[in-house]
Each structure stands twice: as structure tokens, then as C-alpha cells.
Amino acid sequence: MKTNRHIVLLVLIMLPVYFFGQQYNTEEEITLTQKQWKALQDGEMAYQKWIDETLKPGIETKQDTLIFSEEARRLIKDIEYRKKVYKEQYAFVDVQESLTNMELQKAFWQMIALYPKHKKEVLQYLLLYKKVIDTDKILLSSFYTYAFFDPKITKIENGTPIIYRPDIFEDKFRITKEIITYIQYFDNEEKKKNAK
């Protein structure tokens, strides 16, 4: 996964400079070498894989079976990791660290936790992301990954998550839906404003 993060970062940040230099003129045709084309394709595939993983919730149901993502399994099995992920109080520095590590789901979960006390800042942050990525889906996938294993909500007994505080779970879900509603509203307003 670390290699994929590096490739994604390369695509998002370095590749345009590598291919086109800093003096890129949009009216010129650019011819890529085979090596550059391959690097671009590899980067796009890694980016798509990362997006797919980011949009995938931690728990999915298929018929009568629960399917856990890699992150969900880690949260169930690794007690130390679970302690590290879930904090009593989150700060924006936690969000920044998660974003730096390309852990978008975790960053969005932290923003869900920060939202009640920092509504304006969280919404501003997420509205910026809305321009480049489907924040609604990531918020939901973050909720369905991290809420189920939050120690304030769930106990892990013999490798099985048991929700003992459904009221907190419901409150986090309400917050997630509220954030999504506001983001959709502001995004629609921005589109209307730009259409004029």
C-alpha cells in the first residue's frame, strides 16, 4: 500500500512537472515517451485503486454475510492500532496527519468527530474536497468503517464487534447525514452562482 501512496502522490503532484516542465503551454501538443506513458498509466491505475478503496465502507453486507475491509479487520484484531485511531478528542492536526498519509477515510472520520464543535471549519474543508472527489460517499464509507469499531460504541469480544451504545452510533450517523446535507446545499448554491 505504501508504494501505491507514492505513485498516487507522484500522479497528483509531480507527474505534470515531470512531463511538461513548469512552462507548460496548453496550446502545444505534447508527445510522451513510452516510459512516460507507462508511468502515467501506472499512476492512474494506482490512483483508481486508492479511490476505490477509499469509497469502500469498512463493513458491507452480501445476503446474510458481513464483509470486512482490510482496515476494519485491522481495527478488530490490532488493539494497539485501535487505541491509536480512536482518541478522546481529535484536533485538526490529526486530520492533517491522516491526509498526509493518504488516509482519507480516517481524516473524514476525524472531521465527523470534530464537526459538532467546529462546524464551519469542517464544512469549509470538505467543500474544498467536493470539487475533486465525492465527499458524500467518502463520509459514508468513513462512518461505516470507523463508527462500528469506536470503543465508545462497540466492544470487541473474541474478534466479534458488539455494539453496546447504539445511541452514540445513531448520533454519529445523524452528524454524518447533516454534514452531507450541508455540503450538498452549499455545492448546489455554488453551482447556481457560477451558472449566472
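**Questions on a predicted model**

In this predicted model, the side chains of glutamine 105 and threonine 145 are joined by a polar contact of 3.1 Å.

Student: Why is the pair of glutamine 105 and threonine 145 called a polar contact?
Tutor: The distance between the two side chains is 3.1 Å. The cut-off for a pair of N or O atoms is 3.5 Å, so this pair counts. The side chain of serine 141 makes a polar contact with that of glutamine 105 too, at 3.2 Å.

Student: Why is glutamine 105 called buried?
Tutor: Its relative accessible area is 10%. Buried means under 20%, so glutamine 105 qualifies. This residue lies in helix α6, which covers residues 104-114. Leaving out residues up to four places away in sequence, glutamine 105 touches eight-listed neighbours including Glu53, Lys56, Ile138 and Tyr146.

Student: Why is tyrosine 185 called partly exposed?
Tutor: Tyrosine 185 has a relative accessible area of 46%. That value lies between the limits of 20% and 50%, so the residue is neither buried nor exposed. Tyrosine 185 belongs to helix α9.

Student: What makes the nonpolar surface patch that includes Tyr185?
Tutor: Tyr182, Tyr185 and Phe186 make this patch, of about 300 Å². A patch residue needs over 30% relative accessible area, and tyrosine 185 has 46%, so it passes that cut-off.

Student: Which helix gives the most to the largest nonpolar core?
Tutor: The largest nonpolar core has 36 residues, and Phe108, Trp109 and Phe149 are among those with the most contacts inside it. Helix α6 gives the most, with 7 residues.

How values were computed:
Residues are numbered from 1 along each chain as its sequence is written. This is a predicted model: local features need pLDDT of at least 70, side-chain atom pairs count only at pLDDT 80 or more; totals for chains, interfaces and linings use all residues. Side-chain values use heavy atoms; hydrogens and water are left out. Helices (H or I, at least four residues) and strands (E, at least two) are DSSP runs, numbered from the N terminus. Buried means under 20% relative accessible area, exposed over 50%, partly exposed in between (1.4 Å probe, protein chains only). A polar contact is a pair of N or O atoms within 3.5 Å; within protein, one must be able to donate a hydrogen and the other to accept it, and residues adjacent in sequence count only if both atoms are side-chain atoms. Contact means heavy atoms within 4.5 Å. A nonpolar core is a set of buried Ala, Val, Leu, Ile, Met, Phe, Trp, Tyr and Cys residues joined through side-chain atoms within 4.5 Å. Patches are made of residues with over 30% relative accessible area and no salt bridge: like charges are joined within 9 Å, nonpolar side chains (Val, Leu, Ile, Met, Phe, Trp, Tyr) within 5 Å. Accessible areas come from the Shrake-Rupley method with a 1.4 Å probe; for residues, only the protein chains shown count as cover. A salt bridge is a side-chain nitrogen of Lys or Arg within 4 Å of a carboxyl oxygen of Asp or Glu.
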